[in-house]
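Thank you all for coming; I would like to walk you through one structure today, going from its surface contacts to its interior. Please have the sequence and the model open as we go.

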Amino acid sequence: MAVAPTSPSTFHSLLFLLISLVVFQFLLVGADASTIQRDISRYHTPCECEQCRHLKEKGESSVTGTNKLLDEKNIDIIATYSNNYGAVQSSRVKFGDLSASWVLENPIDGRHGHPKSVQVAEDSFQSGLKVEEKTEHSTDDHQSGEGELRSSGPSLISPVKHKRQLMREERRNLRTAELMGIDKEANDQMAEVAINRTKSFDTIVTGKYSIWRRDYENPNSDSTLKLMRDQIIMAIAYANIAKSKNESVLYNSLMKNSKLSQNAIGEATSDAELPASALNRAKSMGCALSVAKDKLYDCHTMETKLRAMLQSTEDNVNDLKKKSAFLIQLAAKTVPKPLHCLPLQLASDYFLLGYSNREDVNKEKLEDPSLYHYAIFSDNVLATSVVVNSTVLHAKGPNKHVFHVVTDKLNYAAMRMWFLVNPPAGAAVQVQNIDDFKWLNSSSCSVLRQLESARLQEYYFKANHPSSLSLGSDQLKYRNPKYLSLLNHLRFYLPHVYPKLDKILFLDDDIVVQKELTPLWSIDLQGMVNGAVETCKESFHRYDKYLNFSNPIISANFDPNACGWAFGMNMFDLKEWRKRNMTGVYHKWQDMNEERTLWKLGTLPPGLITFYNLTYPLDRGWHSLGLGYDPALNQTAIENAAVIHYNGNYKPWLDLAISKYKNYWSKYVMYDNPYLRICNINP
């Protein structure tokens, strides 16, 4: 292939272009060198403080001496950098072109010579580039000179940053002291509370519940006792089998060991209460059982015998439960001898000392609707005195409180004598005899008319017959004659008993007042007749617990899930009562229940019916119930309640009372009263 000849003009043009490029390259290299010198001179450490200026002067003198040496040696520095277009370039820079801020380490070092100094300077150049980038973002870092002084020995801190560090340290110390003070104060408070709590501890605990007994050291402290009881059960089972198989020797051995083991156990409730020979007794019984097992063991026979024993034991337990329920009801109805003595002594002095001729004082207060009136219907003198005493003690103005006490003919003299001899401070007390209410007769009172029924009398007043033991505990409870007592049902006739009053607070005789009750009179009942504390919790104490909803009359008129409430502390609006004729509603339902098909006898079921949808729920803090039957109540709720109620069989004046609740009642009893001393009524 032939090559075209090149013309002279074209050759000259290419030669001219090549020469131009070479010249341009020399010019560009020169410009870059001058740029490098300007950039390097720009990277110097800012020295403003006195220490920095001193360091700068010292550095300048060192660099001056070094520069002379470098000038003599004519040492170049190779610098690598990025230009404005981002391209990486390198260039030679004379040491003499560097600014005075560049300092060499050990500029005169006999062991290492000048090359080491030059290397340090080169490193220092690159470090300076990094520091300048950091100074653009942080003034504090700029002042610290961390990277800039890296090549000049130990770091120096500017006065501004040093001041800041001192201030931060001072704030840190103050905050630490403050937190330590708070912690100390909290620790002191906790220590004081702990000391106060330990003062109330009773470390002298006796009996089987003592936490200091040895048996509490072992989680299986009753293991030996349980073993011996199980052995007795097995021995009785094998003895019965041995008897059926005419194994008289084995039978006698098992019965003898069973009796000895039972004697060894006695009334022990833990291993610590067993005698020292108990363990040997258990071993002997084990040997006898081993012999019996070898001779008599048969799985089917043993299973049948144990089932029969279990059934027999369950029957015995059920019988004991019924007897226990009967005895508890009997004890609850029985008046202790001291309480029987008290009304006798009071009644005797009432007539002998001429108190029967005295008239009531403060008669003008008895019908004043502007005062605070209380109704208490009771035949228990001591219990009524506690209600009055506890109420007056917490009242801010006792002279504005009036107590209307109604009792029966048997206790009228004793009740009146007590309040004549022991009048409450400032308060007025009126004692009335229920037999004086001539308007209360069988023609106007359903309860009296029912009481005349021979069948009803037999149901109640023969309840103590042994045949009654066949009934359950619930049946026994409602066969207590007190549920048919006219004093109990008098609460449904309040407007008739107090015709001139507008509001009255009804109190049972088994309550204790712990706070001021006058705010109850200012509560707006919103058109309701009865103000009471509701007792329902989840599915408990609702209408279906008290009423027979299998009866169509009850199911058609009431909601089984309606919330129940309690008698014992009830605010009654007597004006609204009269307007709605609530006594007539009560008579209607009481007549319908003559055969006891709508509810069990008592006052709460007819109360729930009479005041259905007419009861205003009071705050639960006004009335705390259950102290007469529940030993697991919340102690804080009891102490914060305005009124506590010993509803149930375990009344506080009986030996049956729950011991931990008794003090709330007994502190309002005047044990130093001579009548209580005569009758031996003690705390």
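Before I start, one cut-off that I will lean on: a residue is called exposed when its relative accessible area is over 50%, buried when that value is under 20%, and partly exposed in between. Lys500, at 54% relative accessibility, therefore counts as exposed. Please keep in mind throughout that what you have in front of you is a predicted model.

Let me stay with Lys500 for a moment, since this lysine has a partner. Lys500 forms a salt bridge with Glu367, and the closest N and O atoms of that pair are 3.2 Å apart. Glu367 sits in the loop between α10 (337-352) and β3 (372-377), while Lys500 sits in the loop between α17 (494-497) and β6 (503-507), so this pair ties together parts of the chain that are 133 residues apart in sequence. The glutamate has a relative accessible area of 45%, and so Glu367 is classed as partly exposed.

A second pair makes a useful contrast in its surroundings. Arg491 forms a salt bridge with Asp508, with 3.6 Å between the closest N and O atoms. Here the arginine belongs to the loop between α16 (486-489) and α17, and the aspartate to the loop between β6 and β7 (511-513), so the parts tied together are 17 residues apart in sequence. Arg491 is buried, with a relative accessible area of 5%, and Asp508 is buried too, at 14%. Elsewhere, Glu576, Lys579 and Arg580 are joined into one network by salt bridges that share partners.

One further pair is Lys363 with Glu359, whose closest N and O atoms are 3.7 Å apart; in that case Glu359 is exposed, with a relative accessible area of 60%. How many salt bridges does a search of the whole structure find? The search finds nine, and the pairs I have described are among them.

Let me now turn to the chain as a whole. There are 25 helices and twelve strands in the chain, and of its 683 residues, 39% are buried. If we take the contacts between residues at least 6 apart in sequence, 73% of them join residues that are at least 24 apart.

That brings me to the nonpolar interior. The largest nonpolar core has 62 residues, and the members that touch the most others are Leu342, Leu505, Leu517, Leu520 and Trp665. Helix α11, residues 381-393, gives the most to this core, contributing seven residues. Taking Leu342 as an example, and setting aside its neighbours within four places in sequence, we find this leucine in contact with Val381, Leu382, Tyr675, Leu676, Cys679 and Ile681. There is also a second, separate core, which has 43 residues and includes Phe437, Val529, Tyr543 and Leu604.

Next, a word on helix packing. Two packed helices are described by the angle between their axes and by the distance between those axes. Helix α7 (residues 248-265) and helix α8 (residues 278-296) pack at an angle of about 155°, with 10 Å between their axes. Angles over 145 degrees count as roughly antiparallel, and α7 and α8 are therefore roughly antiparallel to each other. Their crossing is left-handed. On the α7 side the contact is made by residues including Leu250, Leu254, Asn257 and Ser261, and on the α8 side by residues including Arg281, Met285, Ala288 and Lys295.

Finally, I would like to point out a few individual residues in the loops and at the end of the chain. Which residue in the loop between α21 and α22 has a positive phi although it is not a glycine? This is Arg596, with a phi of about 60°, and Arg596 is partly exposed, with a relative accessible area of 28%. Gly602 is found in that loop as well, between α21 (582-592) and α22 (604-610), but at 5% relative accessibility Gly602 counts as buried. The C-alpha atom of Gly602 is separated by 8.3 Å from that of Asn488, although the two residues are 114 residues apart along the chain. Asn680, in the segment after α25 (674-678), has a positive phi near 60° and is likewise not a glycine; at 51% relative accessibility, Asn680 counts as exposed.

Definitions and conventions:
Residues numbered from 1 in each chain as written. Predicted model: local features only at pLDDT ≥ 70, side-chain atom pairs only at ≥ 80, totals over all residues. Heavy atoms only, no water. Salt bridge = Lys/Arg side-chain N within 4 Å of Asp/Glu carboxyl O. Buried < 20%, exposed > 50% of the residue type's maximum accessible area, 1.4 Å probe, protein only. Helix = DSSP H or I, 4+ residues; strand = E, 2+ residues; numbered from the N terminus. Core = buried A, V, L, I, M, F, W, Y, C linked by side-chain atoms within 4.5 Å. Contact = heavy atoms within 4.5 Å. Axes fitted to C-alpha atoms, helices over the stretch in contact; angles between N-to-C directions. Parallel < 35°, antiparallel > 145°, perpendicular 65-115°, else oblique. Left-handed = near helix turned anticlockwise from the far one by under 90°.
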